[in-house]
Every structure is written in C-alpha cells, then in structure tokens.
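Here are two short exercises to work through with the model open. Try each one yourself before reading the solution.

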Amino acid sequence: LIDNLPGYVYSVANDSNYTPEFISEGVLEITGYRQEEYLIERTISCGQDIHPEDRDNIWNLVQQAVAVKQPYECEYRIITKAGNQKWVWERGQGIYDDNGELLKLEGFVTDISDRKQAEQKIREQAALLDVTTDAILVRDLDGQIQYWNKGAERIYGWQASEAIGQDVRSLLYKKVSTTTETAY
C-alpha cells in the first residue's frame, strides 16, 4: 500500500537531522537515495537533503506545530543525490506518548516540482502581460473578470483587486438608453 503512494512515508526523530526510523522505498524516486542509505548505511538523513536555505524555516515550522500538537504542512526544496533541486510538499505530525511527550514525527512527502515550474511560468507570463501598455483582461463564460493587467488599470482606472470577480458588462459598459450599451 505504501509503495503505491506518489511519494514516501517517514517516521523520524525530532532532531536537527530528522534521523529516520522508517522511510518507504518511494524515497528513491524523489531524492535519488535508496531506503538503505537512510536506514542501514546512515549516509544521509531526512534533514540533510533539505535545501540549506530552507532548513531553518522548516525546522521552525515543525517545532511550532509540535509545540501545540498540531499537524504541519510545508513546501520546500531538496537537493537530490545527483545534486538537482526539487520542490516537495510535506504533511506530518508529532506522535506522542500517554504523557504527551513527543516520541517522533510521522508524515508523507511528495514531489511538486512540476507544479512549481508551471506556477513560475505563469508568473513570468503574467509579468510580460503587465508590461504591455494595452489593456488585457480575461473573463469567464459568465462575464466575470478573471485577469486584469496593469495596462487595463491605466486605461480603465480600476485596480486588478477591484476588477477581478466583477461582471465585465457592469464594469466596462454604461447604459446610453434602455436598448443600447456603449463601451467606455
């Protein structure tokens, strides 16, 4: 069952290296490290594959969650065995004894690199649309504005935060008579 998940399951100590007690075989596909490298050979730990720039933030987030005995969820970068960077999403929680003392952390990690690359591409394309002097807007089939660029802000005077979600007809057309609408 665990091997059918699109990622890996873990059980780790709550130390700075997140020393694994268990890690499923799915770790190989995401990190490039074999399960044995984490559990038997101990040449890598779950904290060591986190991108150095993300380690402190992840540590703080996890510690805040376990302090209030809540699950945690985070996105961060890892460095694979081949030296590549990947984005992962993690959801985990502390496991406590009968006295409420933290025993370990358990959770799930999956690769979200494709989604992160798509989001970056969309941000880059939106930035290109914002530098044009033309008004560019996107509306859905019901006429609700879904996208409003900087050019539209300059031409029509409404900020994107004001325009998005509005009906394009009520925002851009005024009634001239009872039967005719005219564009601004």
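Buried means under 20% relative accessible area, exposed over 50%, and partly exposed in between (1.4 Å probe, protein chains only). This is a predicted model, where local features need pLDDT of at least 70, side-chain atom pairs count only at pLDDT 80 or more, and totals for chains, interfaces and linings use all residues. Residues are numbered from 1 along each chain as its sequence is written, and side-chain values use heavy atoms, with hydrogens and water left out.

**Exercise 1.** Work out which residues of H3 are buried and what they pack against.

*Solution.*
- Start with the helix: H3 covers residues 55-67. Helices (H or I, at least four residues) and strands (E, at least two) are DSSP runs, numbered from the N terminus.
- Next, pick out the buried set: Ile 58, Val 62, Ala 65 and Val 66.
- Looking down the axis of H3, these buried residues fall within an arc of 95 degrees (taken from the directions from the axis to the C-beta atoms), so they line one face.
- Now flip to the face turned away: there you'll find the exposed Asp 56, Asn 57, Gln 64 and Ala 67.
- Finally, the buried residues pack against strands E3 (72-79), E4 (85-96) and E5 (102-111); contact means heavy atoms within 4.5 Å.

**Exercise 2.** Place Tyr 76 in its strand and find its polar partner.

*Solution.*
- Tyr 76 sits in strand E3.
- Its relative accessible area is 4%, so Tyr 76 is buried.
- Leaving out residues up to four places away in sequence, Tyr 76 touches several others, including Ile 58, Trp 87 and Val 109.
- The side chains of Tyr 76 and Glu 90 are joined by a polar contact of 2.5 Å. That term means a pair of N or O atoms within 3.5 Å; within protein, one must be able to donate a hydrogen and the other to accept it, and residues adjacent in sequence count only if both atoms are side-chain atoms.

Conventions. The expected span of a helix is 1.5 Å times one less than its number of residues.
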